[in-house]
Every structure is written in structure tokens, then in C-alpha cells.
Amino acid sequence: MTAIGSLVFCTDCGNLLDGASGDKKVRLNCEVCGTNNRDTSSTIITTKSKPSAFPSALRSKRSAVQTLTEEDTRTTATIRQACPECGKQEVRYYTQQLRSADEGTTVFYNCDQCGNKWQSNN
Ligand SMILES: [Zn+2]
Ligand SMILES: [Zn+2]
């Protein structure tokens, strides 16, 4: 049994076990090999706010599954272009690369004044 922070690993195959609660009466079954493990997660005092306590392999695994939000993949700016709805002369816009590079970049426009949104493909 190896416990790192609140994570408990299977003694037999090293699989990460779910449901670590710190309760010694709780037995954790390994989904991979079926080994019955004791929950020792409470014996090591670390908090989740200290990512340095995790092995680097686990850290990179965590960041690998992180998905980019829409905010991460775009930048907004203003452009001097008339809103077709209200005629405002300056609107916000951002570009977003679509999945395939040869589909080009889509430009999204957003009017602050009337809330109108539209887009055009380059
Ligand atoms: Zn196992
Ligand atoms: Zn507008």
C-alpha cells in the first residue's frame, strides 16, 4: 500500500484507487486486479493545494486531461466595423481556428450596444 496525499494505490498493481476517505474500516477494491486494499489516505498529511506533493507523472496526467475553455482559445479586441443591427461603428470581435486548418479562421463579431452577434469566414 502506498499513499500519496489523499490518493491510495493498489499494493499489487499500483492502480489508483477511487474512494479514499481516510476511514480505516473502508476496504478499497482494485478495479484492475481485484486486490482488497486498506484505505491509508489519512496517515499522510498533505493537502490538495500542494500539487508538489504529487508525483510528476500524475501531475502531467492531470494537466493532459484539462480541456481548454472557449476563453483560452480566443482573444477579443475591438474593430471599426458597423453593426448591421444598430449601426454602431465599433464592435468587439475574436477569431477562432476551426478544427481543420484548411477550414480557415472564423471571425466572430459581437456588438456591445445591442448584443447582436454574427460571424464570417475568412
Ligand atoms: Zn490492483
Ligand atoms: Zn449593434
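This passage walks through the fold of a predicted model, from the chain as a whole to its sheet and then to two individual residues.

It helps to begin with confidence. The average pLDDT of the chain is 75, and 61% of the residues reach a score of at least 70. Confidence also varies from element to element: strand β1, covering residues 2-4, has the lowest mean pLDDT of the elements, at 51, while β9 has the highest, at 91. A reader turning to the structure above may like to keep these two values in mind when looking at either strand.

In its secondary structure, the chain contains one helix and nine strands. Followed along the sequence, these elements are arranged as β-β-β-β-β-α-β-β-β-β, with the helix placed after five strands and before the other four. Of the 122 residues in the chain, 11% are buried. When contacts between residues at least 6 apart in sequence are considered, 28% of them link residues at least 24 apart.

The four strands that follow the helix bring us to the sheet. Strands β6, β7, β8 and β9 form an open sheet in the order β6-β7-β8-β9, and their pairing is antiparallel. Its edges are β6 (76-79) and β9 (117-121), each of which pairs on one side only. On average, neighbouring strands of the sheet are turned by 30° against each other, with direction ignored. As a general point, side chains in a regular strand alternate between the two faces of the sheet.

The pairings can be taken in turn, starting from the β6 edge. Four bridges join β6 and β7 in the antiparallel sense, and within this pairing Thr-78 has Arg-92 of β7 as its bridge partner. Next, β7 (residues 91-97) is paired with β8 (residues 105-110) through six bridges, again antiparallel. Two positions make this register easy to find in the structure: Gln-96 has Thr-106 of β8 as its bridge partner, and Gln-97 lies opposite Thr-105, also in β8. Finally, β8 and β9 pair in the antiparallel sense over five bridges, with Phe-108 facing Gln-119 in β9. These two strands make a hairpin with six residues between them, and Gly-115 in its turn has a positive phi of about 80°.

Earlier in the chain, two residues offer a useful contrast in burial. Leu-17 belongs to strand β3, which spans residues 16-17. Leu-17 is classed as buried because 21 other C-beta atoms lie within 10 Å, and the cut-off for that class is 20 or more. Beyond its neighbours within four places in sequence, Leu-17 is in contact with Val-8, Phe-9, Cys-10, Leu-28, Cys-30 and Asn-37. Asn-29 provides a further reference point: Leu-17 and Asn-29 are twelve residues apart in sequence, and their C-alpha atoms are 7.5 Å apart in space.

Gly-19, by comparison, sits in the loop between β3 and β4 (27-29). Gly-19 counts as exposed because 12 C-beta neighbours are found inside 10 Å, and a residue with 12 or fewer falls in that class. Gly-19 and Leu-7 are twelve residues apart along the chain, with 8.9 Å between their C-alpha atoms. The two residues thus give a simple pair to inspect: Leu-17 is buried, whereas Gly-19 is exposed.

Notes. Residues are numbered from 1 along each chain as its sequence is written. Chains are lettered from A and ligands numbered from 1 in the order in which they are written. Two strands pair if DSSP finds at least two bridges between them. Axes are lines fitted to C-alpha atoms, for helices over the stretch in contact, and angles run from 0 to 180 degrees between N-to-C directions. Two residues are in contact if their C-beta atoms, placed from the backbone, lie within 7 Å. pLDDT is the predictor's confidence in each residue, from 0 to 100.
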